[in-house]
Amino acid sequence: MAFNTFPQVEHVLLFVPINIPLFKPLLGNFEPLVLQADVKANYGCYHVKLKEVVGEVVVRLAMVEDHDDLMPIFKAQNEDADAYGEFFLAQMIQSQDDTNKALVVELNGKAVGILGVTGDMSLAALQEAFELETYDYLVQGYEEAAVKLHEDHVAREKMRREEHERQVREMLEEARRAAREEVEEEYSQMMDERADKQAEEDADKTEEELEAEEKEREEMFEQELAHRVAIAEEEALMEIGEFLEHPEPSVDLESLSSNAVCITLFCLDPRLDSQ
């Protein structure tokens, strides 16, 4: 009972007053522990090991020869066992391949339980139906692949952003240059046309008046230049557009190997139901 309740325990100790003899059903299972020579005690200590009670338990691949030992256990735990056929377990064991396996629990040289597992399943259907990220989507190497994919995405987007910023700088510089050339050319034409008409008028003006007019023309030039540059910059930015980061790709789960199996059959001698 103790070993069934605590399957992780391998030793059980029993303390009994030395004037009380060991009684059945303990007698024959427990062995007394020998006290150290210089120790006095009113209680005796008895010991039993798991292997001495349960026996040596081994898990191995099933063999067709295990059929006769396993069939009574299978029938006792499955009311519809006869519907599977007399040699169902033997056929299942014989059909093992890289995808389908049968494991047997052997106790003292006798098969006392069987576990059938298969890797032949629609992993994609499970991934779509259940939240499996906590379990790495039931594939091998998911975490490593996800970390590498993220790092590659961050590095790639950084390069794209830097390239976009370079193009923006170049287009803005070109827009400012073109705007300035356009305004300077128009200003130069305006001054040439004005020169012939204003020559006689300027002759009667004082030096202060001429300087004031020149300053006014320069301010008009700068205002027009600033206006044209602003328009050119806006058009350039509209042409190149804002930087849009690409969405981070997901791990290609189909490229990774499955890390899960499905249980297809399980039966075990009740004596070992917690072992």
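## Strand S3 and its partners

A residue is called buried when its relative accessible area is under 20%. With that in hand, take strand S3, residues 43–49, in this predicted model. Of its 7 residues, 5 are buried, so the rest of the structure largely encloses the strand. One residue to look at here is Cys45: its relative accessibility is 15%, which is under the 20% limit, so Cys45 counts as buried.

S3 has pairing partners to look at too. Strand S1, residues 11–17, pairs with S3 in the antiparallel sense, over 7 bridges. If you want a spot to check on screen, go to Val16, whose bridge partner in S3 is Gly44. Strand S2 covers residues 31–32, and 2 bridges join it to S3, again antiparallel. Here Pro32 is the residue standing opposite Tyr46 of S3.

## The four-stranded sheet

Next comes an open sheet of 4 strands, ordered S4-S5-S6-S7 and paired antiparallel. S4 (57–61) and S7 are the edge strands, each pairing on one side only. On average, and ignoring direction, neighbouring strands in this sheet are turned by 20° against each other.

Inside the sheet, S5 and S6 run antiparallel and are joined by 8 bridges. A handy marker for that pairing is Ala102, which has Gly116 as its bridge partner in S6.

## Helix H3 across the sheet

Now for the helix. H3 lies across S5, S6 and S7, and runs at about 75° to S6. The helix spans residues 67–76, and its buried residues are His67, Leu70, Met71, Ile73 and Phe74. That list has a familiar rhythm. An α-helix has 3.6 residues a turn, so residues three or four places apart point the same way.

What do the buried residues of H3 pack against? They pack against helix H4 (88–94) and against three strands, namely S5 (100–107), S6 (110–118) and S7 (262–268).

Asp66 sits in the loop between S4 and H3. Is Asp66 buried or exposed? Its relative accessible area is 5%, so Asp66 is buried. Setting aside neighbours within four places in sequence, the contacts of Asp66 are Arg60, Val104 and Ala111.

## Aromatic pairs

The structure holds 4 aromatic pairs. In one of them, Tyr84 and Phe88 have ring centres 4.8 Å apart and planes at 45°, so this pair is tilted. The ring pair of Tyr137 and Tyr142 is edge-to-face instead, with 5.0 Å from centre to centre and 65° between the planes.

Phe74, Tyr84 and Phe88 make up one aromatic cluster. Phe74 is also among the buried residues of H3. Tyr84, by contrast, is partly exposed, because its relative accessibility is 43%. Over in the edge-to-face pair, Tyr142 is buried, with a relative accessible area of 13%.

## Cysteines

How many disulfides does a search of the whole structure find? The search comes back with 0. As a reminder, a disulfide is a covalent bond between the sulfur atoms of two cysteines.

Two cysteines are worth a look anyway. Cys45 is buried at 15% relative accessibility, and Cys267 is buried as well, at 1%.

Note on methods
Residues numbered from 1 in each chain as written. Predicted model: local features only at pLDDT ≥ 70, side-chain atom pairs only at ≥ 80, totals over all residues. Heavy atoms only, no water. Phe/Tyr/Trp six-rings, centres within 6.5 Å; stacked < 30°, edge-to-face > 60°. Buried < 20%, exposed > 50% of the residue type's maximum accessible area, 1.4 Å probe, protein only. Helix = DSSP H or I, 4+ residues; strand = E, 2+ residues; numbered from the N terminus. Pairing = 2+ DSSP bridges. Contact = heavy atoms within 4.5 Å. Disulfide = S-S within 2.5 Å. Axes fitted to C-alpha atoms, helices over the stretch in contact; angles between N-to-C directions.
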